[in-house]
Amino acid sequence: AAGMPRDLVYLSMIESGYATHAYSRAAAVGLWQFITPTAREWGMRVDWWVDDRRDPEMATDAAIRFLGYLNNKYGHWYLAWAAYNGGPGRVNRAIKKHGTKDFWELVERDGFAAETDNYVPKLIAAAIIGHNPEAYGFKDIKFQDELVYDEVVVGPNIGLDVLARCAGMSQSEFHAWNPHLTRWALPP
């Protein structure tokens, strides 16, 4: 819907394995592995009550906007992905230092950390495998059903136990559907 390549879905697979609870050693969180400052910069709430990095819709919308910004800035998806992984500052410094915007040339000249050098090829490989999984030994794949759910707007200070009862589910199920809510109640 945003006019971006569908293969960007593999970026979330590389980042988190599609886990809303993923947490990295760099304190990146969620499906798209945002660090707190970047999350806030792209409109997500991260505080004691809520961590939108764990909300699949909020984080995906922010990732789409951030990746679109990076692609517009660098003019190539490989550099956008490198900046997503290593940060735009590192990509800017590498381009300035080595005088090129060719990702592969920047890798050859040690313009990035090893993790970023490998990040773009991992994403390319994941997309190739994702387009033809049987050729790579992935057979009899059972796909999950599309998530279908309702959204309800409620007021502040309501306990998650009350909301779970109203939704007809256990608190653990309610939390699984609302991983961005980090406390026992909605924020004040």
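**Cores and surface of an all-helical chain**

Within the largest nonpolar core, which comprises 36 residues, the members that touch the most others are Trp32, Phe34, Trp81, Tyr84 and Phe112. Two or more residues of this core come from each of helix 1 (9-16), helix 3 (56-74), helix 4 (77-86), helix 5 (88-98), helix 6 (103-108) and helix 7. A second core, separate from this one, has nine residues, among them Val50, Ala164, Phe174 and Leu181. The model under discussion is predicted.

Tryptophan 32 shows how one of these core residues is surrounded. Neighbours within four places in sequence being set aside, tryptophan 32 contacts Leu8, Leu11, Ser12 and Glu15, and further along the chain Ala59, Thr60, Ala63, Leu67 and Tyr84. Tyr84 is thus a contact of tryptophan 32, and both residues belong to the group in the largest core that touches the most other members.

The overall architecture frames these details. The secondary structure consists of nine helices and zero strands, and the pattern along the sequence reads α-α-α-α-α-α-α-α-α. Taken along the principal axes, the C-alpha atoms fill a box of roughly 60 × 40 × 30 Å. The chain has 188 residues, 40% of which count as buried. Among contacts with a separation of 6 or more, 50% involve residues 24 or more positions apart.

The account now turns to the surface. The chain exposes about 11,800 Å², with 54% of this area supplied by carbon and sulfur atoms. Ile128, Tyr136, Phe138, Ile141 and Phe143 together make a nonpolar surface patch of about 560 Å². One of these residues, tyrosine 136, lies in the loop between helix 7 (114-131) and helix 8 (160-167). Its relative accessible area is 45%, so tyrosine 136 is classed as partly exposed, given that the class covers values between 20% and 50%.

Another loop tyrosine is found earlier in the chain. Tyrosine 23 occupies the loop between helix 1 and helix 2 (36-41). With a relative accessible area of 56%, tyrosine 23 counts as exposed, because that class begins over 50%. Residues up to four places away in sequence not being counted, tyrosine 23 touches Ala28, Val29, Gln33 and Arg54. The C-alpha atoms of tyrosine 23 and phenylalanine 34 are 9.5 Å apart in space, and the two residues are 11 residues apart in sequence. Phenylalanine 34 leads back to the starting point, as one of the residues in the largest nonpolar core that touch the most other members.

Note on methods: Residues are numbered from 1 along each chain as its sequence is written. This is a predicted model: local features need pLDDT of at least 70, side-chain atom pairs count only at pLDDT 80 or more; totals for chains, interfaces and linings use all residues. Side-chain values use heavy atoms; hydrogens and water are left out. Patches are made of residues with over 30% relative accessible area and no salt bridge: like charges are joined within 9 Å, nonpolar side chains (Val, Leu, Ile, Met, Phe, Trp, Tyr) within 5 Å. Accessible areas come from the Shrake-Rupley method with a 1.4 Å probe; for residues, only the protein chains shown count as cover. A salt bridge is a side-chain nitrogen of Lys or Arg within 4 Å of a carboxyl oxygen of Asp or Glu. Helices (H or I, at least four residues) and strands (E, at least two) are DSSP runs, numbered from the N terminus. Buried means under 20% relative accessible area, exposed over 50%, partly exposed in between (1.4 Å probe, protein chains only). A nonpolar core is a set of buried Ala, Val, Leu, Ile, Met, Phe, Trp, Tyr and Cys residues joined through side-chain atoms within 4.5 Å. Contact means heavy atoms within 4.5 Å.
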